[in-house]
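Me: Got a model open here and I'd like to talk it through before I go back to the bench. Can you walk me through it?

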Amino acid sequence: MSKVAIIGLGHVGATTAYTLVSRDLVDELVLFDKHEKIVTSQYKDLKDGQVGLNSHVKVMRPSISELKDTDIVIFSAGKISVQHGSGNRFDELNYTKKVAEEWGPKLKEAGFNGILIDITNPCDVITRHLQELSGLPKNHVFGTGTSLDTARMKQAVSDKLGIHPNSVHGYVLGEHGESQFVPWTSVRVENTILSDRLDNEEQDALEKQAKQNGVDIFFGKGFTSYGIANQAALIVQTVLSDSKKIMPVSCFNEKEGLYIGEPALIGRDGVEKIFPLDLAENEQKKWDASVKSIQEMYDAI
């Protein structure tokens, strides 16, 4: 039996819940939100949404006692409306840090000892804050990080080269935010490194397009949901199946002393190994700048 809890049932939390249910990835799903009406409506809607499926997920109303034997908690509590003026994830910090400070101790008191996956922005900062507040092992707490940014990069390359996004191998590194970057010397299609195939102008254009796609989604409908819910569901599936998949998540980097997006081996024990990339000189400078940006945001807590 697998049990997952979702804290925060806004656009992202609700879409993640439905993705888990429709793909039959969990046996039990516990819903938490500060608004009782939202919990009730999502609870009923998710039950209705399973009618006719060949599977059945037991959807459960919120109870702190359920967290003790929960395998994975997805933290998606946020206030996306705060970003509407700027689109900057950092603007959410004042709100989301308070929600983290509410739930971190609750998880500890409930005896939760599973895997905590953070979606809430600013992702790298809130993930670190949650780990410190919950007291969970660092490898058991990680964020979706640059998984969505990586998907957008792959989609941009896919559109340009006319290939499936899954045929693009590589990652976006750093902050899930303004200082993220693509290390093109590590992005590969077939046996070709894209830094050898594309000139600097083409690389910059693709990186800009990937970011612009996210901007267009956010300002077009006021939030993003499908892309991030897909990545969260893939991560949940990877943990529960112990499939040892390498994914770009926000994990604790011992050298830098903070959480940052980079490829890591994900399994039943959370982040089981990190794979630092061999960066070119200009890419290392971007990494260092991203580390600095994340630390400055964390210092604002």
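Reply: Sure. This is a predicted model, and of the 301 residues of the protein, 52% count as buried.

Me: What radius of gyration does the protein have, and how does that sit with a compact globule?

Reply: The protein has 19 Å, and a compact globule with 301 residues would have a value near 19 Å, so the two agree. The C-alpha trace spans about 55 × 45 × 40 Å along its principal axes.

Me: And how many helices and strands in there?

Reply: The secondary structure comes to 9 helices and 12 strands.

Me: What share of the contacts comes from residues 24 or more positions apart?

Reply: Counting contacts with a separation of 6 or more, 69% are between residues 24 or more positions apart.

Me: Surface next. How much of it belongs to carbon and sulfur atoms?

Reply: The accessible surface is about 13,600 Å², and carbon and sulfur atoms account for 48% of that.

Me: How many positive and negative side chains?

Reply: There are 33 positive and 42 negative side chains. The centres of the two sets lie 4 Å apart.

Me: OK, switching to annotations. Which residue has the "active site" tag?

Reply: His176, according to an unreviewed UniProt entry. In the model, His176 is in the loop between strand 7 (168–169) and strand 8 (188–189).

Me: Is His176 buried or exposed there?

Reply: Buried. The relative accessible area of His176 is 7%, and the cut-off for buried is under 20%, so His176 falls on the buried side.

Me: Which residues does the "binding site" annotation cover?

Reply: From the unreviewed UniProt entry, the annotation covers Gly8, Leu9, Gly10, His11, Val12, Gly13, Asp33, Ile119, Thr120 and Asn121.

Me: Take His11 from that set. Where does His11 lie?

Reply: His11 is in helix 1, which runs over residues 11–22. With 40% relative accessibility, His11 counts as partly exposed.

Me: And Thr120, where is that one?

Reply: Thr120 is in the loop between strand 5 (115–118) and helix 4 (123–134). Its relative accessibility is 4%, so Thr120 counts as buried.

Me: What does Thr120 touch, not counting residues up to four places away in sequence?

Reply: Thr120 touches Phe75, Ser76, Ala77, Gly78, Thr96 and Ile126.

Me: While we're in that loop, is the peptide bond from Asn121 to Pro122 cis or trans?

Reply: Cis, with omega near -10 degrees. Pro122 also has its place in the loop between strand 5 and helix 4. Asn121 is one of the residues in the "binding site" annotation too.

Me: Why would a cis bond catch the eye?

Reply: Because most peptide bonds are trans.

Me: Fair enough. Which residues does the annotated C-terminal domain cover?

Reply: The unreviewed UniProt entry puts "Lactate/malate dehydrogenase C-terminal" on residues 146–296. Over that stretch the chain is 48% helix and 20% strand, and the end C-alpha atoms are 19 Å apart.

Me: I keep looking at Thr224. Where is Thr224 found?

Reply: Thr224 is in the loop between helix 7 (200–221) and helix 8 (226–241). At 19% relative accessibility Thr224 counts as buried, because the cut-off is under 20%.

Me: Who is Thr224 in contact with, leaving aside neighbours within four places in sequence?

Reply: Val12, Arg152, Gly214, Ile217 and Phe218. Val12 is also one of the residues in the "binding site" annotation.

Me: Backbone question now. What is phi for Asp24?

Reply: Near 55 degrees, a positive value in a residue other than glycine. Asp24 sits in the loop between helix 1 and strand 2 (28–32), and Asp24 is partly exposed at 38% relative accessible area.

Me: And what about phi for Asp242?

Reply: Positive as well, about 50 degrees, although Asp242 is not a glycine. Asp242 lies in the loop between helix 8 and strand 10 (245–253) and counts as partly exposed, with 32% relative accessibility.

Me: What's the usual sign for phi?

Reply: Most residues other than glycine have a negative phi.

Me: Last one: how far apart are the C-alpha atoms of Ser241 and Arg268?

Reply: They are separated by 7.1 Å, with the two positions 27 residues apart along the chain. Ser241 lies in helix 8, and at 44% relative accessibility Ser241 counts as partly exposed.

Definitions and conventions. Residues numbered from 1 in each chain as written. Predicted model: local features only at pLDDT ≥ 70, side-chain atom pairs only at ≥ 80, totals over all residues. Heavy atoms only, no water. UniProt positions renumbered as here; feature names shortened; annotations may be inferred. Helix = DSSP H or I, 4+ residues; strand = E, 2+ residues; numbered from the N terminus. Buried < 20%, exposed > 50% of the residue type's maximum accessible area, 1.4 Å probe, protein only. Rg over C-alpha atoms; globule rule 2.2 N^0.38 Å. Contact = heavy atoms within 4.5 Å. Areas by Shrake-Rupley, 256 points an atom, 1.4 Å probe, with all protein chains shown as cover. Lys, Arg positive; Asp, Glu negative; His and termini not counted. Charge placed at Lys NZ, Arg CZ, Asp CG, Glu CD.
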